[in-house]
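Please open the structure in your viewer and keep the sequence panel visible. The tour proceeds by selection, one element at a time.

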Amino acid sequence: MASDESKETHLKARKLAITGGRVIDPAQGIDRVADVLISNGKIGAITESSTGDVPREYVQIDASGKIVSPGFIDLHTHLRDPGQEWKETIVSGTRAAARGGFTTVCAMPNTDPVQDTAAIVEDVVRRANSDGAVRVLPIGAISIGQRGKRLAPMGELADAGVIGFSDDGNPVADANLMRQALSYSVEVGLPIINHAEDKKIGAGGVMNAGTVATRLGLSGVPVEAETVMVARDLYLADLTKARLHIPHISTIGSLAVLKSARERGVDVTAEVTPHHLTLSDEWVYGLNGSVTEAVGSEAYDTNTKVNPPLRSRADVEAMIEALKEGLIDIIATDHAPHAATDKICTYNEAAHGINVLETAFSSVFQLVVNGKISLVRLIESLTSSPGSILRHDLGSLKNGFPADVVIIDPNSRWIVDPEEFESKSVNSPLSGVELTGRIVHTIYQGETVFELNGDHIEAGTRS
Ligand SMILES: [Zn+2]
């Protein structure tokens, strides 16, 4: 473990060398053991090999046996600030991001007030720049107050720095308003991110419709609630020649309409969450998804309640396959922190949402461990692919890019304990689950913003 003195040195070092790690940078096709040199907050170079021969002025971080990747980019984060600071703040949310290996988070506008004016967006940007541990890029609302009646001032929001528009949490139910939003988005050159859900089809549903819902006596949301909205949005994107980004895709039907739209040349990208890649609706039984003869006291874990809901095993397998082949472009967290009072209640009453940032990488890394997806594709879906959707110089270790770097220990085993989260909230269904692979160091613009230390309890030493 680094002493406090050497830790201070990394934090302030102007020249850093991350040595001996397996450097994976999909944007440049790099996957080799090398040293990454950082100077004045920017990437300097990636060496051809790791010689152990680093110039003296560099402060060295030994990454042997570890993976070195560009810092992750999350296109879908709920920071809850302003307005619900008891759940999360810009400070706690960006610290959680750093602990999860994310150096850029895109903040959804469903705050209070809603981010539907330049003044509110500028306030978030200003506070994020001064207090945030990592970069925060704001997303502006599609409609005023996210009420789905009139368009927000999209040009003004674009000038304030938003990277796209979304009423996330609420779908844009009115197809003609969606068409107008898409048309206008072409003018400002930014994507529309519509929470794809027909609320009327899913009305009253609290989990995925199917045998698990029936057995638990809970109302179900059919997959069609999502699929019909994804299909509508894809046709409207085609009509308007706009850029559409589909958030948290979760159904086999959505993949089918996405595939056919891609083939027609629609300008569309899609994201999937870590939970829709790893957890099925059987997790609502409790006991981490093990199906038991009798429904036990572990069932109805409200931390599994999320929108879109956890789907069937077949949907989960299809999401993995679609991510692997690139039909789904990226992984985004939909980090949705909620207070204890929103979750310590009946399943019907509980708020939708999972606290994801600090478990995201490790949970999806299990797919690599199980041979279901390659490590390079996984890293690409968290770095260069979201970077290219943003069209920013982010998500790669190219010379001159911001020195946003994450170091991963692929062999570290740990048990998720939400009480250790930097997030203000603890609503994770993964509490107590053992995972392999862990973020050990996060560097943002050349400064260490997270380093795993001896205070964190490792699997095997937990009593
Ligand atoms: Zn959503």
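Is helix α7 mostly covered or mostly uncovered? It is mostly covered, for 12 of its 17 residues are buried (under 20% relative accessible area with a 1.4 Å probe, protein chains only; exposed is over 50%, and partly exposed lies in between). This is a predicted model, in which local features need pLDDT of at least 70, side-chain atom pairs count only at pLDDT 80 or more, and totals for chains, interfaces and linings use all residues. Residues are numbered from 1 along each chain as its sequence is written, and side-chain values use heavy atoms, with hydrogens and water left out.

Select residues 224-240 to display α7. Helices (H or I, at least four residues) and strands (E, at least two) are DSSP runs, numbered from the N terminus. Among the buried residues of α7 are Met229, Val230, Leu234 and Leu236. Next, show what covers them: the covering elements include α5 (175-188), β12 (244-246) and α8 (252-263). Just after α7, select Lys241, whose phi is positive, near 60 degrees.

Now move to strand β2, residues 30-39. Seven of its 10 residues are buried, so β2 is largely enclosed by the rest of the structure. Add β1 (residues 15-25), which pairs with β2 in the antiparallel sense over nine bridges; two strands pair if DSSP finds at least two bridges between them. Asp25 has Ile30 of β2 as its bridge partner. In the hairpin of β1 and β2, select Gly29, with a positive phi near 65 degrees.

Finally, add β3 (residues 42-46), which is antiparallel to β2 over four bridges. Here Ser39 stands opposite Lys42.

Methods. Expected span 1.5 Å × (residues − 1). Contact = heavy atoms within 4.5 Å.
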